[in-house]
Every structure is written in C-alpha cells, then in structure tokens.
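Q: Please examine one part of this structure closely, namely the pocket and the strands around it. I would like a single connected account that also covers the side-chain contacts linked to those strands.

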Amino acid sequence: MPSRSMSSRPLIFRTLRWSAWDGSDAGLEQTDIRPADGGHTIAGVVIGREDGTTFALHYRLRVDSAWRTKAVHLQTTSGRTLDLESNGQGSWTESGKPQLELQGCIDVDIQATPLTNTLPIRRLEWAAGQGTEIRLCYIAVPDLSVSARTQRYTALKPGSLYRFESLESGFTADLPVDEDGFVRDYPGLFRRLD
C-alpha cells in the first residue's frame, strides 16, 4: 500500500548545511527553503571543487506545491549563468528558447548539491521496495551544461532511506533523509552539518 506523498505534508522554513564528504576544505553548501507562491523557493550557495577546478555557485529553484520544478537559476562567480523554466509537466525553455531534448523531464539534478535529490523523493508517493525511474534535467558544475538523464529511486524505508541509481553511469548510493525528505548524508560526497 502506497505511503502518503511527502508533497502533501506542509514544510516549515528550513536552513540546511552540508560539507563535502572529505571536509569543508573540499566544499560547503548552505540552502534556504521557504514557502512562496503556493510552492517553495529554494536558494543555495555552494563552494566546491570538481576535477581539480574550484568553483562557487548560487542557485535558486522554484517548485510548485507538488514539488515539480518550475524555474531554475544558476550563476557561478566566474560569470556563467543558466536560466531554465518549466510548465511542471515536462516542457522546458532556456532563456525563453524551447529545449526539446529536455521534453518529459520533471525534476532537476544539480551535480554540486544533494538538495535536488529531495525533489523526486517529495514529489512521488512511495511504498516499501518501490522503485521509480525518472527523466530529469542534469546540470553539470562548474560549466552549467544541461542534459536529460534517467535515474532510479527506490524506497528502501519510505520516509527515511532511498536508493539512488544513475542509469547511465551505474553509480548507486543509499540516501538517508530527514522527516522532510532532505538528504542527511550522501556517502562519499556530502555530510549534513546540522
């Protein structure tokens, strides 16, 4: 029997912080989640390193009440920017231009943050052992390139533990989450600081 969707649970104002798995010298993030316009606005700052390149990134997401991504804005301190908008049903534009290769994507996955793993976890209804494949917009950092990817999430313990799988790369991680569906630790990549 499916569990109640996390999207139907109210969300309080939250501020979350993560460090890179190897410590704050390798990366830090702070994210604020706020109810806005019937959904939520999520804003975060990430300072990190990817393949020997250091970067700083500000991101802002707008999601509707069902945690479907509606808008994404990213900006690096080196001057790169990315603006995506979605109708929440799988149609996307980048700076106003239709992005047909992203057709069918509901969620977004920003490589540098565990925050975006929360989007499908909150959006979908889960039963123990249930797995769901999702097509999403994957954003690589620091170059902010965008591609459609397929991932799979499985509810190992609905509401507290989910398995993440990248179907393209074969990467897998078991993600413990808090009562609001936010990742606590992402083994090998991120640790929650609060």
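**The pocket and its strands**

A: By class, the residues lining the largest pocket divide into 18 nonpolar, ten polar and six charged. The model is a predicted one, and the volume computed for this pocket is about 640 Å³. The lining comprises 34 residues, of which Glu50, Gln111, Ala112, Leu189 and Phe190 are the closest to the pocket centre. Two or more lining residues come from each of β1, β2, β3 (39–50), β9, β11 and β12 (161–166). Strand β3 supplies the largest share of the lining, with five residues.

The strands that contribute to the lining can be placed in two sheets. One is an open sheet of ten strands with antiparallel pairing, in the order β8-β7-β6-β5-β4-β3-β2-β1-β15-β14. Its edges are β8 (97–98) and β14, each of which pairs on one side only. Within this sheet, β1 and strand β2 (residues 27–36) run antiparallel and are joined by six bridges. One residue of β2, Thr31, has Leu16 standing opposite.

The other sheet is also open, and consists of five strands in the order β9-β10-β11-β12-β13 with mixed pairing. Strands β9 (107–110) and β13 each have a single partner strand, so one side of each is left without a neighbour in the sheet. From one strand to the next, the twist averages 40°. As a general matter, strands of a sheet pair through backbone hydrogen bonds, in either a parallel or an antiparallel manner.

Strand β11 merits a closer look. On one side, β10 and β11 run antiparallel and are joined by nine bridges. The partners include Ile139, which stands opposite Val146 of β11, and Tyr138, whose bridge partner in β11 is Ser147. Six residues lie between the strands in the hairpin of β10 and β11, and there Leu144 adopts a positive phi near 60°. Val146 itself belongs to strand β11; its relative accessibility is 23%, and it therefore counts as partly exposed. Val146 and Gly79 are 67 residues apart along the chain, and their C-alpha atoms are separated by 17 Å.

On the other side, β11 and β12 run antiparallel, with six bridges joining them. Lys157 has Leu161 of β12 standing opposite. The hairpin of β11 and β12 has three residues between the strands, and in the turn Gly159 has a positive phi of about 90°.

A side-chain contact adds to the backbone pairing of β10 and β11. Glu133 and Arg152 form a salt bridge in which the closest N and O atoms are 4.0 Å apart. Glu133 lies in strand β10 (residues 131–139) and Arg152 in strand β11 (residues 146–157), so that this pair links distant parts of the chain, 19 residues apart. The two partners fall into separate accessibility classes: Glu133 counts as exposed at 52%, while Arg152 counts as partly exposed at 26%. The cut-offs matter here, because exposed requires over 50% relative accessible area and buried under 20%.

Strand β1, which also contributes to the pocket lining, carries a further salt bridge. The side chains of Arg14 and Asp180 meet at 2.7 Å, N to O. Arg14 is in strand β1 (residues 14–20), whereas Asp180 is in the loop between β13 (172–176) and β14 (185–186), so the pair ties together parts that are 166 residues apart in sequence. Both partners are buried: the relative accessibility of Arg14 is 11%, and the relative accessible area of Asp180 is 8%.

Another salt bridge joins Arg184 and Glu179, with the closest N and O atoms 3.9 Å apart. Here Arg184 is partly exposed, with a relative accessible area of 36%, and Glu179 is partly exposed as well, at 47%. Through shared partners, salt bridges also connect Arg14, Asp178, Asp180, Arg192 and Asp194 into one network. The count for the structure comes to ten salt bridges.

How values were computed. Residues numbered from 1 in each chain as written. Predicted model: local features only at pLDDT ≥ 70, side-chain atom pairs only at ≥ 80, totals over all residues. Heavy atoms only, no water. Helix = DSSP H or I, 4+ residues; strand = E, 2+ residues; numbered from the N terminus. Buried < 20%, exposed > 50% of the residue type's maximum accessible area, 1.4 Å probe, protein only. Pairing = 2+ DSSP bridges. Axes fitted to C-alpha atoms, helices over the stretch in contact; angles between N-to-C directions. 1 Å grid on protein atoms, 1.4 Å probe; cavity = no way out; pocket = protein on both sides within 12 Å on 5 of 7 lines; lining within 4 Å. Points joined across faces, edges and corners; volume = space filled by probe spheres on them. Nonpolar A, V, L, I, M, F, W, Y, C, P; charged D, E, K, R; others polar.
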